[in-house]
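Got your viewer open and a hand on the mouse? Let's take a walk through a protein, one selection at a time.

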Amino acid sequence: MRPLGVHTSIKNTILNSIAEAVELGCSTFQIFLHSPQVWQIPEFEISIIEEFKRQRQVYGLNPLAVHSSYLINLISSTPKTIASSRYLLKKEVMTADSIGADYYIIHLKDNKDMEKEEIYAKTREGFKKVEEFYSCKILLENTAKSKITASIPDLFETLEKVKHDKIGGICIDTCHLFAAGYDLTKDEGIEKFIKDVEVYGDFKLIKIIHLNDSKTPSGSGIDRHEHIGKGYIGREGFEKFLGIKEFSSLPLILETPKKNLQDDVRNLSVIREIIKKLES
Ligand SMILES: [Zn+2]
Ligand SMILES: [Zn+2]
């Protein structure tokens, strides 16, 4: 069975994320390193990091994905924001690496008043600060609306143009893909996605999948996650998407709405049922 998990909370300590993942029967998980809406990032104690690594090994939670903060904007028109963003990006990748994360996932910012080439150049400059000796790989995530990361051709072009040795691939989010116009409920939508990856990129570059249903219709350009099966993608859309043969062993992580753990329990069980059906 492919690795399956959810975005977990590091409330009080990063060890909480492991306890949550274990309670939910996950085999992979994702975390933020700090509140994604603030610039401050705490230093984790060495002893906590060691215990975190030890427990991860005991419970076999692989891979571990770290999601970047939402504040990072490497192409801002405010020099101060660029400076803070470069610093935070470097710090987050360094911290992700220190806790043994396999992937660091980031959504790049777009700017409607800026040409693609300028965005690429500024983004590239921002990544220069990230040292190359870390083993944690950076993944670019597709977004619901953007001229650089929403369509599959644009996403792979961006991956190519923002070239940095640590950028190791792509994370595909189903809600974003659907909102960007790939209608996963229809065979044509799935075929268009497959063809775009084959023509403009490579399935080998897709390292992880974010599974989210969508509160808005396909092509809306709006990023609103919904419980699996309760949104416009629906159970059948996920059956089609997860049936893509190149995805048969990729890690799957849910970022569905969460009031309490029961929400994750329900969403995970829908995905487990779909996988069981596909694998039977
Ligand atoms: Zn996502
Ligand atoms: Zn999203």
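Below is a list of stops, starting with the whole chain and then zooming in on single residues.

**Stop 1: the whole chain**

Before you click on anything, keep in mind that this is a predicted model. Show the protein chain as a cartoon and you should find 9 helices and 10 strands. Turn on the C-alpha atoms and look along the principal axes: they fill a box of roughly 50 × 45 × 30 Å.

How does the radius of gyration fit with a compact globule? For 280 residues, such a globule would come out near 19 Å, and the protein chain has 18 Å, so the two agree.

Now try colouring by burial. Of the 280 residues, 52% count as buried. Switch to a surface view and you are looking at about 12,800 Å² of accessible surface, 50% of which belongs to carbon and sulfur atoms. Colour by charge next: there are 39 positive and 41 negative side chains, and the centres of the two sets lie 2 Å apart.

One more thing for the whole view. Take the contacts with a separation of 6 or more; residues 24 or more positions apart account for 75% of them.

**Stop 2: helix 3**

Select residues 79-98, which make up helix 3. Is its length what you would expect? What span should its 20 residues have? At 1.5 Å a residue they should cover 28 Å, and the end C-alpha atoms are 29 Å apart, so the helix agrees with the rule.

Show the side chains and pick out the buried ones. They include Ile 82, Leu 88, Leu 89, Val 93 and Ala 96, and also charged names such as Lys 91, Glu 92 and Asp 97. What do the buried residues of helix 3 pack against? Add strand 3 (64-67), strand 4 (103-106), helix 4 (116-127) and strand 5 (137-141) to your selection, and you have the partners.

Then step just past the end of the helix to Gly 100, which takes a positive phi of about 90°.

**Stop 3: two backbone spots in loops**

Go to Asn 62 and Pro 63. A cis peptide bond joins them, with omega at about -5°. Pro 63 sits in the loop that runs between helix 2 (46-59) and strand 3.

Next, select Asn 12, in the loop between strand 1 (4-7) and helix 1 (15-23). Its phi is near 75°, a positive value in a residue other than glycine. Is Asn 12 buried or exposed? Its relative accessibility is 78%, so it counts as exposed.

**Stop 4: Gly 168**

Jump to strand 6 (residues 167-173) and click on Gly 168. With 15% relative accessibility, Gly 168 counts as buried. Which residues does Gly 168 touch, not counting those up to four places away in sequence? Light up Lys 137, Ile 138, Leu 139, Leu 205 and Lys 207 to see them.

For a distance check, draw a line from Gly 168 to Ala 83. These two are 85 residues apart along the chain, and their C-alpha atoms are separated by 24 Å.

**Stop 5: the loop between strand 8 and strand 9**

Select the loop between strand 8 (213-214) and strand 9 (225-226), and find Ser 220 there. Ser 220 has a relative accessible area of 26%, so it is partly exposed. Draw a line to Thr 95, 125 residues away along the chain: the C-alpha atoms are separated by 35 Å.

Arg 224 lies in this loop too, between strand 8 and strand 9. At 48% relative accessibility, Arg 224 counts as partly exposed. Leaving aside neighbours within four places in sequence, Arg 224 is in contact with Cys 175, Asp 213, Ser 214, Lys 215 and Thr 216. From Arg 224 to Val 162 it is 27 Å, C-alpha to C-alpha, with their positions 62 residues apart in sequence.

**Stop 6: Arg 235**

Finish in helix 8 (residues 234-242), where you will find Arg 235. Its relative accessible area is 36%, so Arg 235 is partly exposed. Leave out residues up to four places away in sequence, and Arg 235 touches Gly 229, Val 270, Glu 273 and Ile 274.

For a last line on the screen, join Arg 235 to Thr 185. They are 50 residues apart along the chain, and their C-alpha atoms are separated by 8.9 Å.

Conventions:
Residues numbered from 1 in each chain as written. Chains lettered and ligands numbered in written order. Predicted model: local features only at pLDDT ≥ 70, side-chain atom pairs only at ≥ 80, totals over all residues. Heavy atoms only, no water. Helix = DSSP H or I, 4+ residues; strand = E, 2+ residues; numbered from the N terminus. Rg over C-alpha atoms; globule rule 2.2 N^0.38 Å. Buried < 20%, exposed > 50% of the residue type's maximum accessible area, 1.4 Å probe, protein only. Contact = heavy atoms within 4.5 Å. Areas by Shrake-Rupley, 256 points an atom, 1.4 Å probe, with all protein chains shown as cover. Charge placed at Lys NZ, Arg CZ, Asp CG, Glu CD. Expected span 1.5 Å × (residues − 1).
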